[in-house]
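Trainee: I would like a close look at one part of this model. Please take me through it in a single connected answer.

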Amino acid sequence: MDLNLTPEQRQFRDELRAWLQSNAPSPWSGSKAEEEKGPYFEYLRNWQREVSEGGWAAISWPKEYGGRDAKLIEMAILQEEWARAEAPPLINSLGLYLIGPTIIAVGTEEQKARFLPKIVSAEEIWCQGFSEPNAGSDVASLATKATLDGDHFVVNGQKIWTSLAHVADWCLLLTRTDSNAPKHKGITALLVDMHSPGVAVRPLKQMTGDASFNEVFFDNVRVPVANALGEVNKGWQTAITTLMNERANLGAGTYVIFKRNLDELIERVRQTKRVQNPLFRQKLAQAYVELEVFRLTNMRSLTRISQTGVPGPEGSILKLQWSEFNQRFAQTAMEALGPHAQSWGFDGGRWVFNYLRARANTIEAGTSEILRNIVAERVLGLPKSY
Amino acid sequence: MDFDLNKAQKLLQQSARDFFARECKPERVRELMATDTAYDDGLWRAMADQGWTGLIIPEEFGGLGLSLVDLIAVGEEMGRACLPGPFLSTLWAAALIDRAGGEGQRKLYLEPIAAGDMKATVALLEADADWNPESVQLRAEKEGKDFRLRGRKEFVTDAEVADLIICVARGNDGLVLAPVVKGAKGMKIDATPGVDASRKLYSVEFDDVVAPEADALAFNTRTLDAVESATAIAVVALCAEMLGVMQWTLENAVEYAKTRQQFGKPIGVYQAVQHQLADMFLMAEGARSALYYAAWSVSENDPSAKLAVSVAKACCSDAAREVGNRGAQVHGGIGFTWEHNLQLYYKRAKASEIMFGDANYHREEIARKVVDGDEG
């Protein structure tokens with residue numbers, strides 16, 4: 001057991017920290033309205049271009065595709081440093097963390113050469129078309145249809161909860177290509193140009209007032225057969241690769257953001273008489289305990305993944321931990337701040353925003369119920385319930 | 001970064017698991033629980049032969065000189081076996097002697113402890129049952145070259161079987177650590193039957209017990225530090241036991257859910273049951289993370305060690321109780337019977353939750369550090 005960074009890891013961290021210090025732009029102060037490709041979008045896109053030129057955008061990718069062959073621990077260091085520097089997020093996160101790795105894993109050489117560089121530079125923004133109105137947790141029951149017509153597929157159907165679709169140039173789309181096969185065996189993953197005729201995007205306004213999700217409609221959209229990612233009718237394997245990456249990548253950066261929230265809440269409570277109230281003291285200490293457990297479990301997962309080489313059920317465990325922690329924490333903050341907490345004018349509305357935004361944490365990227373099923377079946381070896 | 005037991009520690013853990021499966025079967029645990037002291041001399045000797053009575057005692061005193069991380073590898077297996085007897089009490093006393101004792105005292109006590117020839121315990125709590133050593137009131141009056149111990153200690157673990165009791169007392173200049181040997185004149189030991197019969201509790205009356213000043217382990221401010229750091233070691237060892245208790249409960253509940261049939265199917269197929277078990281797993285894994293970090297930071301003398309120990313005890317206390325509750329729920333009626341071994345672990349979890357302060361106690365410790373910014 002040794003929790004210290006190696007000299008190489010420390011050097012990596014110091015180099016990155018120095019780069020961020022001299023290159024991270026000042027925080028965005030204007031409106032973050034995401035309905036269109038406005039100034040905030042361009043600000044983020046420019047930032048990712050600079051990050052990619054500095055060689056920090058896709059560090060876990062192989063060198064030949066613009067990465068650094070970075071190990072998971074370096075990914076964790078990167079996320080931590082990012083959060084620590086309060087550097088803006090990378091706009092093409094779905095491309096960098098989910099879709100890019102999937103293309104690297106199962107894509108053709110032509111697809112890799114065509115798509116990967118523009119993911120890194122954010123020249124092309126990606127979204128992920130998995131969920132449908134009637135295919136949420138049960139993604140494999142999706143109905144969006146792709147019918148072969150010569151050297152093209154013709155796509156018809158609807159996706160929902162599609163983050164970034166309103167600004168995306170490309171979509172990793174799961175489609176049904178064989179309606180007669182068992183549901184997991186008739187799916188094909190397609191790389192779809194969002195500018196194709198027949199694609200329509202409608203933003204969905206959320207409880208917070210933001211609109212970062214969308215509905216996407218496909219009406220006779222033509223997609224070249226060469227844009228199938230992985231084999232035709234074997235899209236479920238492609239999807240699993242993506243979902244594993246999705247859950248394996250939530251961790252170190254999230255911790256730093258939560259820790260900052262807790263520190264700032266404690267600072268706020270210190271200014272009130274509540275700091276002496278045992279009830280609040282217990283709740284703040286409990287938040288500290290849970291956050292520590294999340295940080296440490298994340299470190300144990302990194303150790304295990306670096307030993308075994310593949311992301312396993314660890315991602316499901318961490319996702320359960322952080323999502324449920326954040327909901328409890330958001331409630332603690334609402335209680336500890338009293339009537340101020342509800343105000344959009346207090347601390348820029350961050351506490352009320354976090355309270356509302358946290359509600360989705362146990363639903364997005366795998367509901368807590370699905371994740372508990374995964375833990376029960378894949379970790380504990382219980383029989384499948386469905 | 002490597003946040004896991006290393007290969008040697010995993011081997012040590014496996015050999016401990018095999019050892020206890022052989023030497024400390026549930027039937028034997030039940031027999032020992034029914035005795036006055038829950039002590040088995042043969043088992044103690046066998047543990048001493050493995051070197052475990054001196055696992056973290058320095059090699060110069062005949063111990064193995066291993067680290068706290070090595071200790072938790074074995075400690076988890078002690079919990080899994082629901083090991084009865086004075087291991088934890090003796091470890092606590094040994095850690096206190098190692099920190100507070102002079103060279104001669106360390107040799108005098110640590111050598112026989114490491115060899116398995118001496119069992120020991122620490123008398124800390126009093127009627128107010130406050131784990132904070134600063135609330136100790138039992139008097140150590142100076143008379144000539146002796147201290148006279150006057151007062152009563154409560155919830156002293158394994159006092160009856162202990163050859164040596166370190167009494168934490170209050171002198172004129174602060175805390176006094178007085179070693180009192182078995183059968184000392186004026187010392188009276190009464191059993192306090194508690195929820196967990198695998199670790200016996202006692203009330204110990206000190207009625208003018210003479211303790212030569214020269215024998216006292218340390219004086220003044222150093223004493224408090226020694227008590228706190230020795231207790232931190234015992235808390236980590238207890239948390240390791242608690243993790244073993246959770247593992248036993250989880251594994252047995254999973255096994256039961258796979259075999260128990262209702263409505264024509266194993267109950268583990270139903271999500272209501274699956275999610276109880278998934279939660280038990282999450283709680284045990286969280287406890288493991290907190291435990292490993294506490295053991296590592298104490299063994300590295302990390303500045304955050306005290307905080308890490310409180311985090312571990314708060315986490316393990318809540319988790320051990322709740323894993324027990326869920327485990328009992330999954331077992332249904334059979335888990336409520338005297339006959340099923342679940343009750344042994346359920347009770348051990350409850351007593352362990354209380355020992356050295358429960359989650360509420362440690363959360364207040366944490367609040368003092370992270371909310372008030374108290375570095376001490």
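Is the crossing in which helix 8 of chain A passes helix 9 of chain A left-handed or right-handed?

Mentor: The model is predicted. In it, helix 8 of chain A passes helix 9 of chain A in a left-handed crossing. Two packed helices are described by the angle between their axes and the distance between the axes. Here helix 8 of chain A covers residues 278-308 and helix 9 of chain A covers residues 314-337. They pack at an angle of about 160°, and their axes are 10 Å apart. Angles over 145 degrees count as roughly antiparallel, and helix 8 of chain A and helix 9 of chain A are therefore roughly antiparallel to each other.

Now the residues. On helix 8 of chain A, those making the contact include A:F280, A:L284, A:L291, A:F294 and A:R304. On helix 9 of chain A, they include A:E314, A:I317, A:W322, A:F325 and A:F329. By class, this contact has twelve nonpolar, five polar and four charged residues.

For the surroundings, the domain assignment of chain A gives domain 1 (7-91), domain 2 (126-235) and domain 3 (250-379). Taken over C-alpha atoms, the centres of domain 2 of chain A and domain 3 of chain A are separated by 32 Å.

Chain A also meets a partner: 33 residues of chain A are in contact with 38 residues of chain B. Helix 8 of chain B gives the largest share of the side of chain B that touches chain A, 14 residues. By class, that side of chain B has 24 nonpolar, eight polar and six charged residues.

Terms used: Residues numbered from 1 in each chain as written. Chains lettered and ligands numbered in written order. Predicted model: local features only at pLDDT ≥ 70, side-chain atom pairs only at ≥ 80, totals over all residues. Contact = placed C-beta atoms within 7 Å. Helix = DSSP H or I, 4+ residues; strand = E, 2+ residues; numbered from the N terminus. Nonpolar A, V, L, I, M, F, W, Y, C, P; charged D, E, K, R; others polar. Axes fitted to C-alpha atoms, helices over the stretch in contact; angles between N-to-C directions. Parallel < 35°, antiparallel > 145°, perpendicular 65-115°, else oblique. Left-handed = near helix turned anticlockwise from the far one by under 90°. Domains from an automatic or database assignment.
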